[in-house]
Amino acid sequence: MSNADRPGADPSPAATQATPHASILAPFQQRVFLALWVASLASNFGGLIQAVGASWLMTSLSPTADIVALVQASNVLPIMALSLIAGAVSDLFDRRKLMLAAQFMALIFSALLAFLTYTGAITPWSLLALTFLVGCGTALYGPAWQSAVGEVVPRRDLPAAVALNSIGFNIARSVGPAIGGFIVALLGSQAAFLINTLSYFGLLFVLLRWKRPVEERKLPPESIASAMVAGLRYVRLSPAIRSVLFRSTVFGITASAVWALMPLIARDQIGGGPSIYGLLLGAFGVGAVLGAGTSTRLRARLNAERVVELATLWFAIASLIAAFSGLLWLSMIGMVLGGAGWVLALSTFNISIQLAVPRWVVGRAVAIYQTLAFGGMALGSWLWGLAAEHVSLTFALAFAGGLLLASLLLTRAFPVPAANNENLDPQNPDYTPTIHEAVPYRAGPVVVMIEYRIDPRDAAAFAEAMRQLGRIRQRNGARRWSLNVDVAAPERWVERYESPSWLDHLRLRYRGTVSDRAAWERARAFHRGDEPPQIRRLMAQPVDLLAQLDFGGMAERATETAAITDPALPAETLQADKAGDQAKGPSGPA
């Protein structure tokens, strides 16, 4: 027996086919992506220039370290608070409209911030409030833009597009503050706020001109609360994604010390002013550009885990240099290392997340990543500000660098996964039987029971394959999944799971991917006998609703066998007999 014929072997080439490598610049051939990328880059530059102006303005409004560090926290805290909601909305509704609303919101509050600063009416707390509100617009925009990447580039260019998107954001995050430092030094913080206000107009123009295709939805959208729960459930049942989230959170907390305390590094460690602050940010930006320029080559030679380890090491060295060096040239070398490490780490985390999830949940997955990573930055900014205020600036930076080095010990327990070779294209049902049309969406709960005949010698391998399949089913929305064996007939196994309603059951079908189907086929290969696995769907309903259903007519319309493709249970054959509805599984992999 060949490996392909063994029970549990993956019969689907799509499940093992690697994502083809595309040129890093290939997505720029798509005009919509190029326009959105350039406009987003300009907007990101404006936002980071404003952040520098706010941080430096706060040093004059309130000289205490903890209040200065809160400016950084107010920039990233909205991402922690709103990203999951934004991710759910971006997966459910028109992403273009959400991006437009977010940019208009940021434009209004940025303009108000510039006006108050020019008139001298700004206060520490109004500065924090307005930077927080501008950050809310950024938080709403981010998941929608990142999940829209898959709509404007072909699948083969998606990894390169994700990389460009992440690299562009992190270059702006690194180089933008450097430019902001020089603008603040020459023209003051109010000029930085005005430039940010103007930076939104290009992106608004591109979004207004983008003719986004109307997405055909076969099912009504979920509520925002249900969509958020579905996203959290998907992430919770995906071990690889959980590892990336944990590592990115740890990196965000520890690396935020340099970002939050950089104005104080320039002022107290080196004894300079805004120009020195700008030079440090400029060195960080140079490192970011170098890191972005070498990222594709590094990822071709090293796996994702090794890239993150290298980036973490570089940033730890930068933190330690900033802690103990009072020399501008040495601190700038440290910032170059820090900038390269920053871009490499965050872009690798981002790419790992986006390539590990199907498109139906990508907005929520990216949002959860942003919530934890930037939430870690907000928490870290506050903690490092307290440490600098109550202990010393040197202690805060040195301790953060030590924690970054210690985080390298997490590689075994929480490794960053290598490139995902799964085929995450949707495996949508090709046909919906007539019997489905008469069932109200709210009908339920729906219980699915699948009976297998398994050789007892294959029991252990079958159970392992089913555990993987069960995790996939639950990840896509199944409830109370279980696998049971008949103690009187050990060859008889029954898989059981539920959906709260008929609509939830249909959503479960549409969420499946080609790789999900391959998992079903691996488990299905263990089934023995001439008949395929028997599949039954049982529905519990109140008496008044049951009375409204025309079961006789439904059964009559479904007497003709209808082949359907189910993401979780592919290539089924739905049949109905006089005793009731009974579905039988496929005779083999479709």
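Arg537 is found in strand E4, which spans residues 534–539, and in this predicted model the residue counts as buried because its relative accessibility is 15%, below the 20% under which a residue is called buried. The side chain of Arg537 is joined to the side chain of His505 by a polar contact of 3.0 Å. The points below start with the strands, including E4, and then turn to helix H4, helix H7 and a nonpolar patch on the surface.

**Strands E1, E3 and E4**

- Strand E1, made up of residues 446–453, is mostly covered, since 6 of its 8 residues are buried.
- E1 is joined to strand E3, which covers residues 492–499, by 8 bridges, and the two strands run antiparallel; within this pairing, Val447 stands opposite Glu498 in E3.
- E1 is also joined to E4, in this case by 6 bridges and again in an antiparallel arrangement, with Met449 standing opposite Arg536 in E4.
- For a reader following the side chains along these strands, a general point may help: in a regular strand the side chains alternate between the two faces of the sheet.

**Arg95 in helix H4**

- Arg95 has its place in helix H4, a helix that runs over residues 95–118, and Arg95 is buried because its relative accessible area is 7%, where the limit for buried is under 20%.
- Leaving aside residues up to four places away in sequence, Arg95 touches Ser90, Ala144, Ser147, Ala148, Glu151, Arg212, Arg359 and Val362.
- With Ser90 there is also a polar approach, in which a polar atom of the Arg95 side chain lies 2.9 Å from the backbone oxygen of Ser90.
- Ser147, another of the residues that Arg95 touches, is 52 residues away from Arg95 along the chain, while the C-alpha atoms of the two are separated by 8.4 Å.

**Phe115, Leu194 and the nonpolar patch**

- Phe115 also lies in helix H4, but it counts as exposed because its relative accessibility is 52%, and exposed means over 50%.
- Phe115 and Leu194 are 79 residues apart in sequence, yet from C-alpha to C-alpha they are 8.4 Å apart in space.
- Leu194 has its place in helix H7 and counts as partly exposed, with a relative accessibility of 37%.
- Leu194 also belongs to a nonpolar patch on the surface, which it forms with Tyr118, Leu198 and Phe201, and these residues together have about 420 Å² of accessible area.
- Helix H7, which spans residues 189–209, supplies the largest share of the nonpolar patch, with 3 residues.

Conventions: Residues are numbered from 1 along each chain as its sequence is written. This is a predicted model: local features need pLDDT of at least 70, side-chain atom pairs count only at pLDDT 80 or more; totals for chains, interfaces and linings use all residues. Side-chain values use heavy atoms; hydrogens and water are left out. Helices (H or I, at least four residues) and strands (E, at least two) are DSSP runs, numbered from the N terminus. Buried means under 20% relative accessible area, exposed over 50%, partly exposed in between (1.4 Å probe, protein chains only). Contact means heavy atoms within 4.5 Å. A polar contact is a pair of N or O atoms within 3.5 Å; within protein, one must be able to donate a hydrogen and the other to accept it, and residues adjacent in sequence count only if both atoms are side-chain atoms. Patches are made of residues with over 30% relative accessible area and no salt bridge: like charges are joined within 9 Å, nonpolar side chains (Val, Leu, Ile, Met, Phe, Trp, Tyr) within 5 Å. Accessible areas come from the Shrake-Rupley method with a 1.4 Å probe; for residues, only the protein chains shown count as cover. A salt bridge is a side-chain nitrogen of Lys or Arg within 4 Å of a carboxyl oxygen of Asp or Glu. Two strands pair if DSSP finds at least two bridges between them.
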